[in-house]
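Let's take a look at how one helix pair packs and where some charged side chains end up. Here is the model to keep open alongside.

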Amino acid sequence: MSFDFNSLVPAGSPPPAVRWAPPGKYNFTFGNNDPDGLDVDELMSAVDTALKREGRRLADYRLHMGPQGYKPLREFLVKKLKRDAGIECSADDILLTSGSLQGLDLVNGALLARGDTVICERDCYEGTINRYYRRGINVVGIPLDKGGMRMDALEDALAGLKAKGVRAKYIYTIATVQNPTATVLDLGRRKKLLELAEKYGVPIFEDDCYADLTWDGKRPPAIYAMSKSQNVIHIGSFSKTIAPALRVGFIVAPWSIMSHILPLKTDAGSGGLEQMMLAEYCEVHFADHVPKLRQRFKAKLDTLVAALNEQFGTAAEFDYPPGGIFLWVKLSENVDAMKLRDAALKSGVVINPGPEWSIDKDYSRSRIRLCFASPTHEEIREGIKLLAEVCRKEFGVPARSANVERARA
Ligand SMILES: Cc1ncc(COP(=O)(O)O)c(C=O)c1O
């Protein structure tokens, strides 16, 4: 008999994991990248060059460069963030992290205590929402429309909280290619957001990991870049543009908060080899690689949209997203997305049910998130066909597929 650790696990710990099993064949979850879009040869030569030149740095926990990560990669980011997001910063304003998930943990660790309140978009990244639930944070979700977070609703929420004597710790926003709605907050709303943040004394936490993935390569300036009062924390990632398994993300923040974040990064630094490889690779290839990746993603999105139109017809509604790697789909009212997820899994189709990606469980009840970067075109077509069959069997919709009337099985 094995020792029972369960009784020793403190109350309030996350529920125990279930053993990993390979996902279904048709996996529309997890925000993975496109395996065929990776420049493996160039990454190999980048790691080779970096190791030959500076491999001995790996003997030092901090690569002889202090606690904020490999400096040439931070210097690449300084140039990139200026060019693409309008951010003026120095390498000293950047902390390299183990993915932007660690960025979320560090910022939350520095600012949040049980019982605190944060504001975020009503439909929001599951990893962010779960972190709030685990920390016992009150979350106020702001509705979105086609232009992203609604500023009138934000103003109402801020005023309502103020009337109750509550000052939110921050406004979290995925303003550029929002997860899961893929909306982009325009310049006017960004200005309004900053104005409201100033007025109510609430800082902004900008999560920008999809910002390089708009189809036309254009994006509004980062909110961080537009702030005049250093009240924005910005995080980003190489997961969506290069590869998530490298686990390299970053925080850009003024020293007044960075100085509270650094003592919480207790892992003695994120993987040095990945940072060295990325610095070498990105300096030469990033600017060419990303447009090619966007084309790959857009082609897959078009396959997904065609498959949904063919298999679901009017039973699936969505806005064509301006970029990113996921589609937020509204199914017919009577579809319970949680039940659909479970039923689809049995057929090897893996989807994200809306209620796991939203603060508002009723609003998101019939919605699903479909990631399209990682499956092949064929898997997308077959997976959506199967999903429609499962949905029809469970909920009677879509009644027609490929313009053929179907009977509920
Ligand atoms: C909005 C958002 N933030 C952060 C992350 C975490 O990304 P990573 O830790 O790989 O950088 C994700 C991943 O999907 C995301 O969608």
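Is Asp34 buried or exposed? With a relative accessible area of 1%, Asp34 is buried. Keep in mind that this is a predicted model.

## A buried charged pair

Asp34 doesn't sit there alone: its side chain meets that of Lys300 in a salt bridge, at 3.1 Å from N to O. Asp34 comes from the loop between β1 and α1, while Lys300 belongs to helix α9, so the pair ties together parts that are 266 residues apart in sequence. Lys300 counts as buried too, at 5% relative accessibility.

## How α9 packs on α11

Lys300 also turns up in the contact of α9 with α11, where the α9 side includes Thr303, Leu304 and Phe312 and the α11 side includes His377, Ile384 and Arg392. By type, the residues of this contact split into ten nonpolar, three polar and four charged.

As for geometry, the axes of the two helices are 9 Å apart and the packing angle is about 30°. Angles under 35 degrees count as roughly parallel, and α9 and α11 are therefore roughly parallel to each other. Their crossing is right-handed.

## Other salt bridges

In total, the structure holds 27 salt bridges. One of them pairs Lys169 with Asp116, with the closest N and O atoms 2.6 Å apart. Here Lys169 is partly exposed at 29% relative accessible area, whereas Asp116 counts as buried at 17%.

Asp208 and Arg219 form another salt bridge, at 2.7 Å from N to O, and both residues are buried. Elsewhere, Arg53, Glu54, Arg57 and Glu280 are joined into one network by salt bridges that share partners.

Technical notes:
Residues numbered from 1 in each chain as written. Predicted model: local features only at pLDDT ≥ 70, side-chain atom pairs only at ≥ 80, totals over all residues. Heavy atoms only, no water. Axes fitted to C-alpha atoms, helices over the stretch in contact; angles between N-to-C directions. Helix = DSSP H or I, 4+ residues; strand = E, 2+ residues; numbered from the N terminus. Parallel < 35°, antiparallel > 145°, perpendicular 65-115°, else oblique. Left-handed = near helix turned anticlockwise from the far one by under 90°. Contact = heavy atoms within 4.5 Å. Nonpolar A, V, L, I, M, F, W, Y, C, P; charged D, E, K, R; others polar. Salt bridge = Lys/Arg side-chain N within 4 Å of Asp/Glu carboxyl O. Buried < 20%, exposed > 50% of the residue type's maximum accessible area, 1.4 Å probe, protein only.
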